[in-house]
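Please open the model in your viewer and keep the sequence panel beside it. The stops below go from one residue and its surroundings to the whole chain and back to a second residue.

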Amino acid sequence: MDNTDLNSEILDKMTKVCICKGIPRSTIKKVIREGATSIQEVQKATGAGSGPCGGRRCTPKILGLLEELSENE
Ligand code: FES
């Protein structure tokens with residue numbers, strides 16, 4: 001692992017995707033890598049989208065990550 005990977009990993013841990021539930025991007029990426037392929041699966045595995053905003057703020061970000069990570073496969 002080089003420094004760029006390390007930095008982005010730290011950033012992923014610090015960046016909250018679901019603000020309501022305090023779920024970091026690293027957690028969302030983890031469940032996608034472990035096989036979640038849809039927004040529903042990610043939400044079920046992480047609890048994202050169940051906060052007071054009803055997923056209004058995090059859903060677009062999760063969709064973006066799903067797209068981004070499935071492209072790399
Ligand atoms: S930010 Fe995810 S439910 Fe509100």
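Two residues are said to touch, or to be in contact, when heavy atoms of one lie within 4.5 Å of heavy atoms of the other. Please bear in mind throughout that this is a predicted model.

**First stop: Gln43**

Select Gln43, and then display Ala48, Gly49 and Thr59, which are the residues that Gln43 touches once those up to four places away in sequence are set aside. If you extend the selection to residues 39–46, you will have helix H3, in which Gln43 is found. Is Gln43 buried, exposed or partly exposed? Its relative accessibility is 24%, and because buried means under 20% and exposed means over 50%, with partly exposed in between, Gln43 counts as partly exposed. Now add Cys53 to the view and draw a distance between the two C-alpha atoms: Gln43 and Cys53 are 10 residues apart in sequence, and they lie 14 Å apart in space.

**Second stop: the whole chain**

Clear the selection and show the protein as a cartoon, where you can look for four helices and two strands. Following the sequence from its start, these elements come in the pattern α-β-β-α-α-α. The radius of gyration is 12 Å, close to the 11 Å that the globule rule gives for 73 residues, so the protein is as compact as a globular protein of that length. Turning the C-alpha trace along its principal axes, you should find that it spans about 40 × 25 × 15 Å.

With a surface switched on, the protein exposes about 4900 Å², of which carbon and sulfur atoms supply 51%, while 32% of its 73 residues count as buried. If you colour by charge, there are 11 positive and 10 negative charges to find, and their mean positions are 12 Å apart.

**Third stop: an annotated span**

Select residues 17–68, which an unreviewed UniProt entry annotates as "domain: BFD-like [2Fe-2S]-binding". This span is 52% helix and 8% strand, and the C-alpha atoms at its two ends lie 14 Å apart.

**Last stop: Glu67**

Finally, select residues 59–71, which form helix H4, and pick out Glu67 within that helix. With a relative accessibility of 53%, Glu67 counts as exposed. Add Thr37 to the view as well, since the pair offers a last distance to draw: Glu67 and Thr37 are 30 residues apart along the chain, and their C-alpha atoms are separated by 9.2 Å.

Methods. Residues numbered from 1 in each chain as written. Predicted model: local features only at pLDDT ≥ 70, side-chain atom pairs only at ≥ 80, totals over all residues. Heavy atoms only, no water. Rg over C-alpha atoms; globule rule 2.2 N^0.38 Å. Buried < 20%, exposed > 50% of the residue type's maximum accessible area, 1.4 Å probe, protein only. Areas by Shrake-Rupley, 256 points an atom, 1.4 Å probe, with all protein chains shown as cover. Lys, Arg positive; Asp, Glu negative; His and termini not counted. Charge placed at Lys NZ, Arg CZ, Asp CG, Glu CD. UniProt positions renumbered as here; feature names shortened; annotations may be inferred.
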